[in-house]
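This report describes selected side-chain contacts and one helix packing arrangement for a reader new to the structure. Please consult the sequence and the structure shown here while reading.

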Amino acid sequence: METENPLIEWHYSEQEWNEFVDIEKANKKEDNIYFGIAILLIVPFGLMYYRDTTYLIGILFAIPFAFLIPFLRMKFSYKHLQKNVLKPHVLIFNDYMMINYHKIEVASKRRRIKSLKIIDAKNNKKLLEVDIQWATRKGPTNDEFRILIPENKLSEAEKLIEDFYKSDN
């Protein structure tokens with residue numbers, strides 16, 4: 001059996017990885033707060049319109065979901081964001097990423113990479129943002145995975161992005 005070569009292989013110090021996890025968890029927490037607020041704003045009016053409920057019933061129905069859904073997203077979707085990992089590393093392949101032994105599917109019959117870009121983070125860090133998209137009954141949805149780019153690996157990240165957009169055309 002032939003083993004697949006990674007497109008990217010990055011290793012981090014434990015301190016570097018822990019700093020990244022703090023930054024990324026803060027990013028995800030902020031995203032989930034906005035998501036919960038959107039649920040609180042949209043669901044009551046949707047229920048009032050489609051189910052002829054009162055605003056009070058709509059808001060009482062929305063509150064548990066506004067807290068539960070973001071909490072579950074953080075708990076199950078971002079298992080790779082753990083601190084104090086022994087020998088933290090990231091491997092990126094054509095169809096998946098391995099982040100500290102957690103496999104994240106990025107390209108298959110169900111999923112595709114929508115975009116890749118480099119973004120600035122706190123403490124002058126650079127992150128590779130991988131935007132994954134998949135189809136649902138109500139249309140496409142997506143999620144972002146951000147990965148710390150080691151200081152000496154910025155050119156590798158830029159080449160990965162360049163190669164992705166060349167092959168996408």
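## A buried arginine and its partner

In this predicted model, R146 has a relative accessible area of 7%. That value is under 20%, so R146 counts as buried. R146 forms a salt bridge with D31, and the closest N and O atoms of the two are 3.5 Å apart. This pair links distant parts of the chain, since R146 belongs to strand β7 and D31 to helix α1, 115 residues apart.

Is D31 buried or exposed? The answer lies between the two: D31 has a relative accessibility of 31% and therefore counts as partly exposed.

## A second link between β7 and α1

Another salt bridge is formed by D143 and K28, whose closest N and O atoms are 3.7 Å apart. D143 is located in strand β7 (residues 139-149) and K28 in helix α1 (residues 14-51), so this pair ties together parts that are 115 residues apart in sequence. Buried positions are held by both D143 and K28.

## A salt bridge within helix α3

The side chains of K159 and D163 also meet in a salt bridge, with an N to O distance of 2.8 Å. Both residues lie in helix α3 (residues 154-168), where they are four residues apart, or about one turn of the helix. With a relative accessible area of 49%, K159 is partly exposed. D163 is likewise partly exposed, its relative accessible area being 34%.

## Salt bridges across the structure

Which residues are joined into one network by salt bridges that share partners? They are E24, D31, K117, E129 and R146. The pair described at the start of this report, R146 and D31, thus belongs to that network. How many salt bridges does a search of the whole structure find? The search finds twelve, among them the bridge between D143 and K28.

## Packing of α1 against α2

Helix α1 also makes a contact with helix α2, which spans residues 55-77. The axes of the two helices come within 8 Å and cross at roughly 155 degrees. Because this angle is over 145 degrees, α1 is roughly antiparallel to α2. The crossing in which α1 passes α2 is right-handed.

What classes of residue make up the contact of α1 with α2? The contact has 18 nonpolar residues, together with three polar and four charged ones.

Methods: Residues are numbered from 1 along each chain as its sequence is written. This is a predicted model: local features need pLDDT of at least 70, side-chain atom pairs count only at pLDDT 80 or more; totals for chains, interfaces and linings use all residues. Side-chain values use heavy atoms; hydrogens and water are left out. A salt bridge is a side-chain nitrogen of Lys or Arg within 4 Å of a carboxyl oxygen of Asp or Glu. Buried means under 20% relative accessible area, exposed over 50%, partly exposed in between (1.4 Å probe, protein chains only). Axes are lines fitted to C-alpha atoms, for helices over the stretch in contact, and angles run from 0 to 180 degrees between N-to-C directions. Angles under 35 degrees count as roughly parallel, over 145 as roughly antiparallel, 65 to 115 as roughly perpendicular and the rest as oblique. A crossing is left-handed if the near helix is turned anticlockwise from the far one by less than a right angle, and right-handed if clockwise. Ala, Val, Leu, Ile, Met, Phe, Trp, Tyr, Cys and Pro count as nonpolar, Asp, Glu, Lys and Arg as charged, and the others, Gly among them, as polar.
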